[in-house]
Amino acid sequence: TTEIYTLSLHDALPISKEQKTQRVERTVKELALYRKQSLITVLKLMIFIIDTFEQQGIVWGVGRGSSVSSYVLFLIGVHDVDSVEYDLPIEDFLHTK
């Protein structure tokens with residue numbers, strides 16, 4: 001089978017076409033929830049903080065609590081838990097009620 005590579009702030013991961021589709025759909029779903037809850041600015045702030053930490057050589061945790069349910073936070077480097085791989089629902093982090 002042909003493997004498709006996707007890049008994040010983490011290492012390149014060899015994934016299948018189906019896995020890529022699943023990850024793209026998850027990302028779109030999560031970004032819609034972040035947008036609906038007016039949290040896009042918070043994501044931008046997190047990217048700034050992570051970039052600053054990396055530039056300054058500051059180490060932070062691998063993730064804890066319900067934030068590890070967010071694939072978007074994994075992609076921007078907030079934590080090291082791939083919520084798609086572990087089938088963690090985003091609703092555990094971003095409540096949809």
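The questions and answers below go through the salt bridges, the nonpolar core and the confidence of a predicted model.

Student: How many salt bridges does a search of the whole structure find?

Tutor: Side chains of opposite charge can pair when their charged atoms come close. One such pair is glutamate 30 with arginine 26, which meet at 2.6 Å from N to O, and another is lysine 29 with glutamate 91, at 3.1 Å. The search of the whole structure gives a total of 3 salt bridges.

Student: How many residues apart in sequence are the parts that arginine 23 and aspartate 82 tie together?

Tutor: These two residues form a salt bridge whose closest N and O atoms are 2.7 Å apart. Arginine 23 belongs to helix H1 (residues 17-36), whereas aspartate 82 belongs to the segment after helix H3 (71-76), so the parts tied together by the pair are separated in sequence by 59 residues.

Student: Are glutamate 30 and arginine 26 buried or exposed?

Tutor: The side chains of glutamate 30 and arginine 26 meet in a salt bridge, and both residues lie in helix H1, 4 residues apart, which is about one turn of the helix. A residue counts as buried when its relative accessible area is under 20%, and on that scale glutamate 30 and arginine 26 are both buried.

Student: What is the relative accessible area of lysine 29, which pairs with glutamate 91?

Tutor: The salt bridge between lysine 29 and glutamate 91 links distant parts of the chain, with lysine 29 in helix H1 and glutamate 91 in the segment after H3, 62 residues apart. Glutamate 91 is partly exposed, at 30%. Lysine 29 is partly exposed as well, and its relative accessible area is 40%.

Student: Which element gives the largest share of the largest nonpolar core?

Tutor: This core has 10 residues in all, including Leu33, Ile50, Val72 and Leu94. The elements that give two or more residues to the core are H1, helix H2 (40-56) and H3. The largest share amounts to 3 residues, and the element that gives it is H3.

Student: Which element has the lowest mean pLDDT?

Tutor: The protein as a whole has a mean pLDDT of 84, with 86% of its residues reaching 70 or more. Over residues 1-11, however, pLDDT stays under 50, although the model has 21 contacts beyond four places in sequence for these residues. Where pLDDT is low, the predicted coordinates should not be read in detail. Among the elements, H3 has the highest mean, 94, while the lowest, 39, belongs to strand E1 (residues 4-6).

Definitions and conventions
Residues are numbered from 1 along each chain as its sequence is written. This is a predicted model: local features need pLDDT of at least 70, side-chain atom pairs count only at pLDDT 80 or more; totals for chains, interfaces and linings use all residues. Side-chain values use heavy atoms; hydrogens and water are left out. A salt bridge is a side-chain nitrogen of Lys or Arg within 4 Å of a carboxyl oxygen of Asp or Glu. Buried means under 20% relative accessible area, exposed over 50%, partly exposed in between (1.4 Å probe, protein chains only). A nonpolar core is a set of buried Ala, Val, Leu, Ile, Met, Phe, Trp, Tyr and Cys residues joined through side-chain atoms within 4.5 Å. pLDDT is the predictor's confidence in each residue, from 0 to 100. Contact means heavy atoms within 4.5 Å.
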